[in-house]
Amino acid sequence: MSNNTYDAIVIGSGISGGWAAKELTEKGLKTIMLERGKNIEHIKDYVNANKGPWEFEHRGGRTQKMIEDYPVLKRDYPLNETNLDYWTNEKESPYTEIKRFDWFRGYHMGGRSLMWGRQSYRWHDTDFEANLKDGIGTDWPIRYKDLAPWYSHAEKFAGISGNRDGVPILPDGDFMPPMDMNIVEKDVQKRFKDFYKDARHFIIGRTANITVPHNNRTNCQYRNKCWLGCPFGAYFSTQSATLPAAMATGNLTVRPWSIVTKILYDKDTKKAKGVEVLDAETNKTYEFYAKIVFVNASALNSAWVLMNSATDVWEGGLGSSSGELGHNVMDHHLGVGAGGRIEGFEDKYTFGRRANGIYIPRYRNLNGEKRDYIRGFGYQGGGSREGWSRDIAELNIGGSFKDALSEPGSWNFGMGGFGETLPYHENRAYLDKTKKDKWGLPILAIDAECKDNERKMRIDMMNDAKEMLENAGVKDVNTYTSEPVLGRGIHEMGTARMGRDPKSSVLNEWNQVWDAKNVFVTDGAAMASAACQNPSLTYMALTARAADYAVKELKKGNI
Amino acid sequence: MNRRAAIRNMALIMGSAVVLPSCLHDDKGKAVVELKHLKIDADQEKLVNSLTETILPKTDTPGAAELGINLFVFKMLDDCTSKEQQADFITGLGGFADEAKKQMGKSFADGTDKERTAFVTQMEQHSKDKNYKDNAKSMAFYQMVKGQTIFGYTTSKFFMTKQVVYELVPGRYNAMYPAKKAMA
Ligand SMILES: Cc1cc2nc3c(=O)[nH]c(=O)nc-3n(C[C@H](O)[C@H](O)[C@H](O)COP(=O)(O)OP(=O)(O)OC[C@H]3O[C@@H](n4cnc5c(N)ncnc54)[C@H](O)[C@@H]3O)c2cc1C
Ligand code: SF4
């Protein structure tokens, strides 16, 4: 056995890659996790985590230089001074936008598990059955019961805090104690409940921040600085959770700066024998061999790896025989919602910064309702007291203005929608052979957009938000909406979907590539539809389930 | 604190935002604050410094100058605004200086607290007047300075630790904290 040979290879170290590494190593497989970016060591490398806001040169804002260097990231809130280092260098790793697509990436150990928003929701059978029922895309080859035990498994290990709300469309999970709503949210919740009874629900967010100590991790200290990296390991990330567990087995090797350029496919065995790696620092090429390969580079990059693989057999790459590889790009569309003012509670404030908000699960197109669009949306939001720096009506300069700046302002409540997008075959990513990245590798071109169904849904997303807030007693409600842009939801999915038929899907019910049974794709690429819940918990569950199957098949000698 | 010491302290706080010039007393009209993009002279610098202090003056708590907010304003304008905004800033700075001089009979920085406050209060009134035409860009200039002054103040260590209670590690979330206790 050469020292480049392992039992398993995991491509990518983000949320799904970390899970694959943990599950495979815990089941005894010698595993190497290949990560294209630099290493970021837990706690030690969270260099900004303990700084006060005043310690940042521009107090967290963005400079002109940052705006020039990050033409994509600048389009939304992620471009900021405090964790700039965690975002992909756009000059080194460009992509082509046939239509605007906001791709917010993180190329480093832990991937976007370091910066994610941690909202974690299960899917429901309504979601798994939707494609079949609507005759859209391809039917999911699994149902809720197939994933339910793996959701539990993922929740118990990751540590998801939440309330068992008993909302039919949003199954309860194995939760840690929920975070508290603040006084204004409780007030809105009460009036919301009086008005909507059980037709709609207003619940505390379910989040991957632990509220009790767990596996040597300290419970959340309410700092709300999560995306700098948490010195307490209080939110789920590769570094805080899956990586230490995988390392503890003694079976894991981690190799940063390792860009997997292709999966090595063996025509005779019809299986992968390993991967080719380009060392991002030295530009040297290496090969690594293994019995199974888990592809976890995140939806678009996993498709990119597949497109570059086995091109001597299939021109479009491994998995392209279905005609679906790179197609059906999905995301959640957002940037639409409402907010307003809450009267009273002037004598109350919140202490601590809760890294969570409230959630209103989907209620549209359920129980026989038929809007002029299909599927639905949920909302995330919260109540807060206005910042110190608001304008004070009369006093605009001088000593008393200065004093007034430190008085808290009025209470506000706001929320924004997350809408389901449909899997459109023509929404796709493909290799742009005309351009190369810093390493001379072909880059992706992305050609995807929101269509009629999403646009119609957004009208409800805006109007419903206003109506619900008003019904719950919020005053001076303002709505907002925007041109829907894919990518902006940071929930890319669908580029190597699961299905029941190799002619219309890239992966089978166990996330195996139909054309190479020892290759498993378990990140967002696998999704056959998008639902409207934040997706990462589902990637965790799918990954753990596939890893369990892979090891069993390996032991049986089937792969 | 003398000026040199104040600037040196500020440089430490802001991660050497300010490079000390070789001689602070050479009165050739060169600004003390070192900027990469904006070109301003000593008089213009003085004007901005006194404007930030007029917006947030020293009372029984420190004002803009003592907290180094003026330097922060320059840093932000220099690093974080576009070429167009910087051009407006320079034009508006000139416009503001001229208008102030006309009205006060002396440069803005040489005005008394009262005179400066009166002039800036008038700017505030203009800002609420829909028919006001900002021909000299002095309003654009003023709004930029004011915005950054307030931002700098409300994110300063003094403000966040002495004026309001900001704890780096709260350790708990109290959803119904009495508002009074949130203010030191
Ligand atoms: C600001 C923000 C907020 C978010 N909020 C939420 C939320 O509240 N809830 C939720 O569910 N999701 C949220 N997400 C999305 C979530 O982060 C992603 O769904 C999740 O990280 C996807 O996991 P992944 O393993 O597929 O990919 P990633 O976490 O992106 O990791 C992929 C890894 O693969 C590496 N890689 C890529 N190509 C290669 C290659 N060729 N070779 C080797 N390595 C490679 C990358 O460097 C990266 O480390 C949020 C994301 C962001 C940025
Ligand atoms: S809010 Fe909680 S999880 Fe986030 S950084 Fe603070 S302690 Fe860590």
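In which helix of chain A is the place of A:V188? The legends below, which refer to a predicted model, begin with this residue.

**Figure 1. Close-up of A:V188 in helix 5 of chain A.** A:V188 belongs to helix 5, which spans residues 183-196 of chain A. With a relative accessibility of 1%, A:V188 counts as buried, because burial is assigned under 20%. Beyond its neighbours within four places in sequence, A:V188 is in contact with A:F202, A:I342, A:F413, A:A472 and A:V474. A:Y349 lies 161 residues from A:V188 along the chain, and the C-alpha atoms of the two are separated by 16 Å.

**Figure 2. Close-up of helix 6 of chain A and the elements that cover it.** Helix 6 comprises residues 238-248, and 8 of these 11 residues are buried, so the helix is largely enclosed by the rest of the structure. The buried positions are A:T238, A:Q239, A:S240, A:A241, A:T242, A:L243, A:A245 and A:A246. Among the elements of chain A that cover them are helix 1 (15-26), helix 4 (144-158), strand 2 and strand 5 (252-255). Just after the helix, A:G250 adopts a positive phi of about 75°.

**Figure 3. Close-up of the loop between strand 2 and helix 2 of chain A, with A:N48 and A:I43.** The loop that holds A:N48 runs between strand 2 (31-34) and helix 2 (64-69). Is A:N48 buried or exposed? A:N48 is buried, its relative accessible area being 14%. Not counting residues up to four places away in sequence, A:N48 touches A:F56, A:E81, A:T82 and A:L228. The C-alpha atoms of A:N48 and A:N89 are separated by 19 Å, the two residues being 41 apart along the chain. A:I43 lies in the loop between strand 2 and helix 2 as well. A:I43 is a residue other than glycine with a positive phi, near 65°. At 43% relative accessibility, A:I43 counts as partly exposed.

**Figure 4. Close-up of A:N215 in the loop between strand 4 and helix 6 of chain A.** Strand 4 (203-204) precedes the loop in which A:N215 is found, and helix 6 follows. Phi of A:N215 is near 45°, a positive value in a residue other than glycine. A:N215 counts as partly exposed, at a relative accessibility of 47%.

**Figure 5. Close-up of ligand 2 and the residues that surround it.** Ligand 2 sits in the second largest cavity. The surrounding residues are A:N209, A:C220, A:Q221, A:R223, A:N224, A:K225, A:C226, A:C230, A:F232, A:A234, A:Y235 and A:A355. By class, this shell has 7 nonpolar, 3 polar and 2 charged residues.

**Figure 6. View of chain B and its secondary structure.** Chain B contains 7 helices and 1 strand. Along the sequence these elements follow the pattern α-α-α-α-α-α-α-β. Of the 184 residues in chain B, 47% are buried. Among contacts in chain B with a separation of 6 or more, 57% come from residues 24 or more positions apart. Chain B exposes about 9500 Å², of which carbon and sulfur atoms supply 53%.

Technical notes
Residues numbered from 1 in each chain as written. Chains lettered and ligands numbered in written order. Predicted model: local features only at pLDDT ≥ 70, side-chain atom pairs only at ≥ 80, totals over all residues. Heavy atoms only, no water. Helix = DSSP H or I, 4+ residues; strand = E, 2+ residues; numbered from the N terminus. Buried < 20%, exposed > 50% of the residue type's maximum accessible area, 1.4 Å probe, protein only. Contact = heavy atoms within 4.5 Å. Areas by Shrake-Rupley, 256 points an atom, 1.4 Å probe, with all protein chains shown as cover. Near = heavy atom within 4 Å. 1 Å grid on protein atoms, 1.4 Å probe; cavity = no way out; pocket = protein on both sides within 12 Å on 5 of 7 lines; lining within 4 Å. Sits in = over half its atoms within 2 Å of the grid points. Nonpolar A, V, L, I, M, F, W, Y, C, P; charged D, E, K, R; others polar.
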